[in-house]
Amino acid sequence: MTPLTPLAPARIETVLFSAARIRERVDEVAIDIAADFGDDCRIVAILKGSFVFVADLIRQLSGRGLHPVVDFIGISSYGAETVSCGAATLQGQLSLPVQGRRILLIDDILDTGVTLQAATRLLLDNGASEVRTCVLLDKPARRIVPIRADFVGFTIDNVFVVGYGLDYDNRYRHLPYLATLTVPAP
Ligand code: PRP
């Protein structure tokens with residue numbers, strides 16, 4: 001188990017999206033997903049950052065008459081830093097079959113694209129017939145691999161964001177809103 005490391009003092013700067021605005025947008029995304037998937041909605045979500053988004057999204061999908069089935073995988077590309085290291089590592093395995101199925105792959109943020117690309121490949125390598133992608137946040141300025149998400153909550157500038165599942169060194173995931181975080185240089 002990795003202990004929480006001492007942190008340089010970080011500062012919440014600005015609330016980018018309030019809890020109410022997130023709720024509204026998640027419902028809009030659920031409408032688009034419901035129109036695309038119908039009742040056969042098999043979700044694979046990437047831990048850990050997506051867990052809050054997925055928890056709200058599946059309940060919105062349920063409210064739209066869907067019965068989503070959810071699996072989780074771990075693919076890690078960040079450490080206790082605010083920049084991506086540009087490599088992705090799979091942690092754990094799929095626990096539900098994806099063979100021959102359309103999959104909705106969900107992550108909290110599309111940054112360099114390394115994680116979403118690696119997870120998409122993993123699902124296709126395991127026999128998924130198609131992978132559609134959904135992210136709460138898209139940060140296109142940071143992209144290093146050519147990938148776009150099919151469903152996007154919010155497109156944001158190149159700022160470091162925490163809350164609603166997103167962390168800085170495993171902190172701030174509990175915040176009900178999304179906010180920018182500034183970490184002073186050491
Ligand atoms: C973050 C985030 C995405 C990924 C996006 O995960 O949750 O999965 O980085 O970055 P990329 O587009 O540059 O690959 P992280 O590795 O920080 O793990 P976490 O979700 O457990 O916080």
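What follows α2, and what is the sign of its phi? Helix α2 is followed by G65, which has a positive phi, near 90°. Here are some close-ups to get you started.

This is a predicted model, in which local features need pLDDT of at least 70, side-chain atom pairs count only at pLDDT 80 or more, and totals for chains, interfaces and linings use all residues. Residues are numbered from 1 along each chain as its sequence is written, and side-chain values use heavy atoms, with hydrogens and water left out.

**View 1. Helix α2 and the residue after it.** Helices here are DSSP runs of H or I with at least four residues, strands are runs of E with at least two, and both are numbered from the N terminus. Helix α2 takes in residues 51-63, so its 13 residues should span 18 Å at 1.5 Å a residue, and the end C-alpha atoms are indeed 18 Å apart. That expected span is 1.5 Å times one less than the number of residues. V52, F53, V54, L57 and L61 of α2 are buried (under 20% relative accessible area; exposed is over 50% and partly exposed is in between, with a 1.4 Å probe and protein chains only).

**View 2. A cis peptide bond ahead of α2.** Look at the bond from L47 to K48: this one is cis, with omega near 0°. K48 sits in the loop between β2 (42-47) and α2.

**View 3. Helix α3 and its neighbour G127.** Residues 114-125 make up α3, and these 12 residues should span 16 Å, which agrees with the 16 Å between the end C-alpha atoms. Its buried residues are V114, T115, L116, A119, T120, L122 and L123. G127 follows α3 and has a positive phi, near 100°.

**View 4. Two tyrosines in one loop.** Y164 lies in the loop between β8 (161-162) and β9 (178-182), and Y172 is also in the loop between β8 and β9. Neither is a glycine, yet phi is positive: near 50° for Y164 and about 80° for Y172. Y164 counts as buried because its relative accessibility is 5%.

**View 5. The largest nonpolar core.** A nonpolar core is a set of buried Ala, Val, Leu, Ile, Met, Phe, Trp, Tyr and Cys residues joined through side-chain atoms within 4.5 Å. The largest one has 30 residues, with I33, L57 and L104 among those with the most contacts inside it. Helix α1 (19-37) gives this core its largest share, seven residues.
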